[in-house]
Amino acid sequence: MLAGAAALSPQSADFGDVAEDAWYAPYIRAVSAYFVPADGMLVPEGEAKRKDIAAAIVRVKCYDAGSADTAAAQARFSDLDALSEDEKGYIASAVENGIMDGFDEGVFKPEEGITRAQAAAILDRAFGNDDLTALKVNNIIVNINDLERLAAISVDGFYDMSDEQRGYVKQMAAMQIENALICGEAAKALGLEPTEKYVREAESYKQEAISYENAPSKAFVDKLFNAVAYQNTLLDTYVEELSNAEDIDKDIEEYYKNNFFCAKHILVEDEATAKELLKKVQNGEDFDELMKKNSTDPGIEQSPNGYVFTYNDMVPEFEECVINTEIGDFGLCKSDYGWHVILRLELPEDYSAVQQDVERAMLDYYINKRMNEDALKCGVTSEINWELINAVG
């Protein structure tokens, strides 16, 4: 119950009495960092004691138990004397924050088990006002817990990644989920029905997704992959529209001219060398000769005449520098790969070598454009809680 209410992610657990294949093992792993075990044991089949629940929730909520007024708690409850100072701090903090309370006879009953009704009340007080909505499309709400678990089963080693890497994976998952749900809602509003092929695929995806030990909730998986079936059907209509358009070859050529760029660069490790090379090319020295002698980019062998690319194909700093440099001029920028001395070039008239890339990029552009148009026409709304998705922990 705590794992679900707090949208906790599984962590490693080291309780000697929790079997790996137990049905509750994933939930135990999710909350393991917040419980205080006795001699390395959790006693999973035993009652949840009120003092242990107080400790777990105070730790999950990051309350400062060390600053809680234990003297006031002891004066209020007559049955805390036998507890450790830490246990008294957790109980005092839980009471101060309105999460738990004592009984009429002036006792807290720390060793007593809690009922299911009491557990529900405690969790509602602790988390009832917490917004765990990662994204919302129309009336479909995606919980951060489901989003993170979907991201985790999609990428190997998710929980071993750095916070930054996990954040990136969650961002990508959020955008893909949002896209699928938007398309699904638009397709329904337009009266489309998913093809039998896509319905079968969706059922297969559902079964795979819920087969993982730390799977997202079945309700979320059902909603997502039902939407994917509609999404694929809608995308088919966009592809057919584009392929049947008049003057499609001319449209592709225009897209190439307006959305692709060409540039050469000399990649070096340090700023001083880059600035020295920039001065040399600005003073008329041959760019190609300097590139052959100094560049550490192995890609120049495959692209000696320059890179032909579109938006989001290259590292952002390189791409931005090229776009902001006039054709025939030089630019300088730094990326994670090093320093780039850039020469922007005219686009080659013959784009047959990159025609597949051009067609793919144009299709992506057309699909996004049509999806946004249909979503707007059908009144589909979407909100993403980036602050929650990017939160660490």
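Contact here means heavy atoms within 4.5 Å. With that in hand, welcome to a tour of a predicted model, one close-up at a time.

**View 1. Helix α14 lies across four strands.** Residues 316-323 make up helix α14, which lies across β3, β4, β5 and β6. Relative to β5, helix α14 runs at about 165 degrees.

**View 2. An open sheet is built from four strands.** Follow the strands in the order β4-β3-β6-β5 and you will find the pairing antiparallel. At the edges stand β4 (307-310) and β5 (330-335); each has a single partner strand, so one side of each is left without a neighbour in the sheet. Ignoring direction, neighbouring strands here are turned by 40 degrees against each other on average.

**View 3. Strands β5 and β6 are joined by six bridges.** β5 and β6 (residues 338-345) run antiparallel. If you would like one pair to zoom in on, Cys333 has His340 in β6 as its bridge partner.

**View 4. Phe261 is a buried residue of strand β3.** Strand β3 spans residues 260-268 and holds Phe261. The relative accessible area of Phe261 is 6%, and buried means under 20%, so Phe261 counts as buried. Setting aside neighbours within four places in sequence, Phe261 is in contact with Tyr307, Val308, Phe309, Tyr311, Val322, Ile323, Arg344 and Leu347. For a sense of scale, Pro110 is 151 residues from Phe261 in sequence, and their C-alpha atoms are 69 Å apart in space.

**View 5. Helices α11 and α15 pack roughly perpendicular to each other.** The pair consists of α11 (residues 248-259) and α15 (residues 355-377), with an angle of about 95 degrees and axes 10 Å apart. Because angles of 65 to 115 degrees count as roughly perpendicular, α11 and α15 fit that description. Ile248, Asp251, Ile252, Tyr255 and Tyr256 come from α11, and they meet Val358, Glu359, Ala361, Met362 and Tyr365 of α15. The residues of this contact are eight nonpolar, two charged and no polar.

**View 6. Helix α5 has covered, buried residues.** Twelve residues (85-96) form α5, and the helix reaches 16 Å from its first C-alpha to its last, close to the 16 Å expected at 1.5 Å a residue. Its buried residues are Lys88, Gly89, Tyr90, Ile91, Ala92, Ser93, Ala94 and Val95. Among the elements that cover these buried residues are α3 (50-60) and α4 (70-76). Just after α5, take a look at Gly98, which has a positive phi of about 75 degrees.

How values were computed: Residues numbered from 1 in each chain as written. Predicted model: local features only at pLDDT ≥ 70, side-chain atom pairs only at ≥ 80, totals over all residues. Heavy atoms only, no water. Axes fitted to C-alpha atoms, helices over the stretch in contact; angles between N-to-C directions. Helix = DSSP H or I, 4+ residues; strand = E, 2+ residues; numbered from the N terminus. Parallel < 35°, antiparallel > 145°, perpendicular 65-115°, else oblique. Nonpolar A, V, L, I, M, F, W, Y, C, P; charged D, E, K, R; others polar. Buried < 20%, exposed > 50% of the residue type's maximum accessible area, 1.4 Å probe, protein only. Expected span 1.5 Å × (residues − 1). Pairing = 2+ DSSP bridges.
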